[in-house]
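Here's a quick tour of how the pieces of this complex meet. Have a look at the structure first, then read on.

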Protein chains: 2
Amino acid sequence: MPALQTIYQHPLLTLSELETIFEAHQPVNLNKGDYLLKKGQVANSYSCIVQGMVRSYVYDFNGNDITTGFIGKDEIAIDVISLFHQIPTVEYIQALTDCKCYVIGLDQFQVLYHAIKGFNEWGRLWMSESLFQLKQRTVSMITDSAIDRYKKLQEQHPQILQQAPLKFIATYLGITDTSLSRIRKEIVKER
Amino acid sequence: MPALQTIYQHPLLTLSELETIFEAHQPVNLNKGDYLLKKGQVANSYSCIVQGMVRSYVYDFNGNDITTGFIGKDEIAIDVISLFHQIPTVEYIQALTDCKCYVIGLDQFQVLYHAIKGFNEWGRLWMSESLFQLKQRTVSMITDSAIDRYKKLQEQHPQILQQAPLKFIATYLGITDTSLSRIRKEIVKER
DNA sequence: AAATCTACTTGCCATAGGACAAGAAATAAA
DNA sequence: TTTATTTCTTGTCCTATGGCAAGTAGATTT
C-alpha cells in the first residue's frame, strides 16, 4: 500500500504498528462524480487517496460553489470539524476523477489513535501542517495577484491543473472562470 | 484561573486533571510591543491570553507586514507548525496591548498530552476548530467584498476593532489602510 | 510649547478583476 | 452523425480597490 506508507510517516511508528494501521483501512473505488461527503451529513470516516483526485467545496450565499481544496494522490480527504466534533458538515467532497482510496472509520481510528503513541503524534503533525498550509494560502490570497497565485499553483500542484476543469480552479484561486481564462492566455503569451 | 477554564473545556477532563494542567502553566505579563515569537525562532511554548491582545504577522516579499491573526482573551497564541515540528517559524507574535497570559512549555505539554486522554482529545478538537475557522476565513476572502468582511469582523470580534489600529485590521482583511478608512466612512454614512 | 511621530482621512487617478453576453470547441448523448 | 451539454475563450463595459500624495489630529518627546 504505497499511498498509505507515504501518508503515515512518523519516526515513532514501528513496522508492526504501521501494519495494524493499514489493516484498519478498507479499499474503496469511486467513480467520477461520487460523493465522499455531502452538506448536512456527519462524517464518520476519512479517505486516503491512492489514485485520482477529489474536490471539496461549499456553497456561498449566492449559490455559487467555491472550491475549498483539491486532494490528490497520497493525500487525505477529510472534514476534521465534522469528523472529530461529530457535527453536520457544510462541505461537499466529490470525486473529480475515478479514484482509488483507502477509507478508515472513526471508531477504528479512535482506537488506534489512543493505542499507538506514534499515530497520535502523526495526527497532530498532520493537522499542524494542514493549518500551516491553509495559512499560507490565506496570505497568498492577500498578497499575490491572481496571476501569481495561478503560477504558484502551477509550480506546486501541477496535477491539479491537469485534472481539474478551469471553473473549479478559478473558484479555488478566488477569481472567475473568465479571468482565469485570460490569465492562461497571458501566460502563454509570455513564453 | 478563569481564562484557563474557558480554554480547556472537554467532557473527559476531570477537575483534578484540569488542576494538573493549570499547574503546568506559568503566569507571564507582557508589555505592549513585547514579542512572544520572532521569525527564525523555534517555538517552545504557547500562551493562553487572560487579558489584552496579541497579533501574529508575517512579511511578504515586498516587506509589507501582513496580519495573520488577532488573539485575545480566552484564546491561545501559538504557532503550531513551529512548536510541534520544532522548526523555525516564519511568523511574529507580538503584544498589541499590555497582556496577562499563562504560558506552558512544550515539554510539560507533551507529558500531559500523552498522560491525560481528555487533554489529548481537547487538543485535537482545538486544532479542528482552528482549521475550520481558517477555512471559513479563506472562503470569506473569496466571496465577500471588503466591506462585508469588515462588517463580519465587527459583529464576530468587536474587541479587535477596539484594540487594534486600523492598519493592522486592514492587512488582516486583505485591503489597504486607505480602503479601510473609506469603508468605515461608508458604514458611518449608512446609519 | 514646540517639535516629532504615528494614526487616520481624503482626493485624484490607475488598474485588476467582475458582470454579462456571445461565440468556439470539445464532450457526451441520442 | 446530429443534437445537446459542458467547457473554455473573447469582447465590451463597469466597479471595487490600490497607489500615491497631501492634510489633519492626537499622542509622545524634548
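## Salt bridges and polar contacts

A:K135 pairs up with B:E91 in a salt bridge, with 2.9 Å between the closest N and O atoms. This is a predicted model, and the rule finds two salt bridges across the interface of chain A and chain B. Polar contacts between the two chains come to 14 residue pairs, counting those with both residues at pLDDT 80 or more.

On the side of chain A that touches chain B, α5(A) gives the most, with 19 residues. By class, that side of chain A has 18 nonpolar, 11 polar and nine charged residues.

## The interface as a whole

Zooming out, 38 residues of chain A are in contact with 38 residues of chain B. Together the chains bury about 3600 Å², and 72% of that is on carbon and sulfur atoms. Of the area chain A buries against chain B, 18% comes from A:R124, A:L131 and A:I142, more than any other three residues supply.

## Around DNA strand C

Now for the DNA. There are 15 residues around strand C, with A:A146, A:S179, B:L166, B:S181 and B:R182 coming nearest. Sugar and phosphate make up 64% of the strand C atoms that come within 4 Å of the protein.

A:S179 puts a polar side-chain atom 2.5 Å from a phosphate oxygen of strand C, while A:A146 uses a polar backbone atom, 2.8 Å from a phosphate oxygen. B:R182 goes for a base instead: an N or O atom of its side chain is 2.5 Å from a base nitrogen. The largest share of the surface near strand C, four residues, belongs to α9(B). That surface divides into four nonpolar, seven polar and four charged residues.

Definitions and conventions:
Residues are numbered from 1 along each chain as its sequence is written. Chains are lettered from A and ligands numbered from 1 in the order in which they are written. This is a predicted model: local features need pLDDT of at least 70, side-chain atom pairs count only at pLDDT 80 or more; totals for chains, interfaces and linings use all residues. Side-chain values use heavy atoms; hydrogens and water are left out. A residue is near a molecule or strand if one of its heavy atoms lies within 4 Å of it. A polar contact is a pair of N or O atoms within 3.5 Å; within protein, one must be able to donate a hydrogen and the other to accept it, and residues adjacent in sequence count only if both atoms are side-chain atoms. Helices (H or I, at least four residues) and strands (E, at least two) are DSSP runs, numbered from the N terminus. Ala, Val, Leu, Ile, Met, Phe, Trp, Tyr, Cys and Pro count as nonpolar, Asp, Glu, Lys and Arg as charged, and the others, Gly among them, as polar. Contact means heavy atoms within 4.5 Å. Buried area is the accessible area (1.4 Å probe) that two parts lose on being put together, summed over both. A salt bridge is a side-chain nitrogen of Lys or Arg within 4 Å of a carboxyl oxygen of Asp or Glu.
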